[in-house]
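Visitor: Hi! I'm new to reading structures, could you walk me through this one?
Guide: Happy to, let's take a look together.

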Amino acid sequence: MDKKEIVRNLMEENKVDALLLYSPQNRYWFSRFNSSLGYILITKTKTYLFVDGRYLTAAQQKKDLQNIDEIIGFGPVFDLVNQKLLENKISKLGFESDWVFVKDSEIMTKRIKAQMVSINTENLRIIKDEWEVEQIKKACDITNQVFEDVLANVKPKMTEKELSRFVSDSFLKFGAEKLSFDTIVASGVNGSMPHAVPSDKKIELGELVTLDMGCFYNGYASDQTRTFAMGEKIDPKLQEIFKVVYDAQQAGIDAVKAGVEAKKIHEICFDFIESKGYGQYFTHGTGHGLGIEIHEEPYQSIAGNKVLMPGHVITVEPGIYIPGIGGVRIEDDLLVTATGYQKLTTAKRELVFVK
C-alpha cells in the first residue's frame, strides 16, 4: 500500500475531506523532504507541500521528492491553505492530534476556513515499506561498524565521556547523518541506571560496560545496546546476570512474528527474568517500534496494545539493573515478517571480554 493510499484510508475512516500534516516526522515520511517547518495538504485528488523561503529552492530541486503534486512557497501560509481548500471544495480538514500543540490547534481553528477534525496519526508510519527497511538496515550496519571500532579502541581508564565522544566521531566516520539519541555509556555500578548519562568515571578492569547507541541514515534510526566486559574476567554475579538477560532476550526474539501481541514479547522476557529471581531489577518495557523516530509504535510493554504485523520494525531489549552492583542490557532491531523476523542488527550478542 503506497503512502497516499494509507493517508486516504485514514481520511475515510475519520470522515474528512483532506488531511494537513504538520509534524516534521510525518511530512518526511510522506514526501522524503526534511524541513523544520512546513505543511502538507493531502486531498482526495492532489497533494501540496507548503514551505517557507529557507526550504523552497531545496524542495524544488529535490530529485527524489515523493507524493507531492505542487510545491508552494509561503508567507501567509493559512491564506494559501484556504485557497487550496476552496479550490478542492474541502469542508472537513483533519490534523494530527498526537502532534499539534493546543496553541497551534487553536490558531488553525481560527485561521483555517474548514471544520478542523483531530485525528490520531500514531499508526500512520507503523508499517515500513522496502525502502524504509533498507535505510534502517543501513543505519544498523553502521552501528555494527561503530561497535567493532569501540571494541578495538576502548581501554581501561578511558572515561565514559571519552568513550561517548569516540562513538559520536565513529558514527560520522562510517557515514551516519547524526546520532539517533544521546549515547549511553554506563560502566561498573553506573550500569544499574538504564539511562545513565556518560560521566567522568573511568572504566576499570573487571567491569561491565553497557553501550546503548544508534544513528540516523536517510532519516531512519538504529538503536542497539551491547554490554561487554573490560578485562579478562568479571565477578561471577555479573556473568550470571548477563546470561539471564541474554537468554531472556533470545526467548523474546524467538517469539516475534506477525499475529503476536506486542505485550507478549515483554511478558516472555519479564517472566524469564523473574523466574531467575531478578524480576524486581527489570524496570522498563522490553521494546518499541523504530523508524523515523527512535521510539514509536508498536511498544513491547505491559501497556502495548498492538498486534505485530509484517513490516513492523521493533526492538527487543530486556535488562537487569542492580544498585551497587551494575547492570546488563542487550538490544536488537528486528523486522517482523509473516513467519517470524529478520534481524537487522548484526553485532555479536555474546559477552565480549576486551583484553
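**A walk through the model**

Guide: Let's start with a small detail: Arg32, which follows helix H2, has a positive phi, near 65°. Keep in mind that this is a predicted model.

Visitor: Okay! And which residues of H2 are buried?

Guide: Asn26, Arg27, Tyr28, Trp29, Phe30 and Ser31 are the buried ones in H2. The helix covers residues 24–31, and with 6 of its 8 residues buried, it is largely enclosed by the rest of the structure.

Visitor: Nice. Switching topic: at what angle do the axes of H6 and H7 cross?

Guide: Roughly 135°, and the axes come within 9 Å. That crossing angle makes H6 oblique to H7. H6 is made of residues 130–153 and H7 of residues 160–173.

Visitor: Which hand does the crossing have?

Guide: H6 passes H7 in a right-handed crossing.

Visitor: And which residues make the contact?

Guide: From H6 there are Ile142, Thr143, Val146, Asp149, Val150 and Asn153. H7 brings Leu163, Phe166, Val167, Ser170, Phe171 and Lys173.

Visitor: How many of those are nonpolar, polar or charged?

Guide: The contact of H6 with H7 has 7 nonpolar, 3 polar and 2 charged residues.

Visitor: Let's try strands. Why is S12 called largely enclosed?

Guide: S12 runs over residues 224–230, and 7 of its 7 residues are buried, so the rest of the structure largely encloses it. Gln224, Arg226, Phe228 and Met230 point one way, while Thr225, Thr227 and Ala229 point the other way, and all are buried.

Visitor: How many bridges join S9 to S12?

Guide: There are 6, and the two strands run antiparallel, with S9 covering residues 208–213. As an example, Val209 has Phe228 in S12 as its bridge partner.

Visitor: What about S20, does it run parallel or antiparallel to S12?

Guide: S20, residues 353–354, runs parallel to S12, and 2 bridges join them. There, Met230 has Val354 of S20 as its bridge partner.

Visitor: One more: what is the strand order in the open sheet of 3 strands?

Guide: The order is S7-S10-S11, and the pairing is antiparallel. S7 (178–179) and S11 (220–221) are the edge strands, each pairing on one side only.

Visitor: And how many bridges are there between S10 and S11?

Guide: S10, residues 215–217, pairs with S11 over 2 bridges, in the antiparallel sense. If you want a spot to look at, find Phe216, which stands opposite Ala221 in S11.

Visitor: Thanks, that helps!

Technical notes. Residues are numbered from 1 along each chain as its sequence is written. This is a predicted model: local features need pLDDT of at least 70, side-chain atom pairs count only at pLDDT 80 or more; totals for chains, interfaces and linings use all residues. Side-chain values use heavy atoms; hydrogens and water are left out. Two strands pair if DSSP finds at least two bridges between them. Helices (H or I, at least four residues) and strands (E, at least two) are DSSP runs, numbered from the N terminus. Axes are lines fitted to C-alpha atoms, for helices over the stretch in contact, and angles run from 0 to 180 degrees between N-to-C directions. Angles under 35 degrees count as roughly parallel, over 145 as roughly antiparallel, 65 to 115 as roughly perpendicular and the rest as oblique. A crossing is left-handed if the near helix is turned anticlockwise from the far one by less than a right angle, and right-handed if clockwise. Contact means heavy atoms within 4.5 Å. Ala, Val, Leu, Ile, Met, Phe, Trp, Tyr, Cys and Pro count as nonpolar, Asp, Glu, Lys and Arg as charged, and the others, Gly among them, as polar. Buried means under 20% relative accessible area, exposed over 50%, partly exposed in between (1.4 Å probe, protein chains only).
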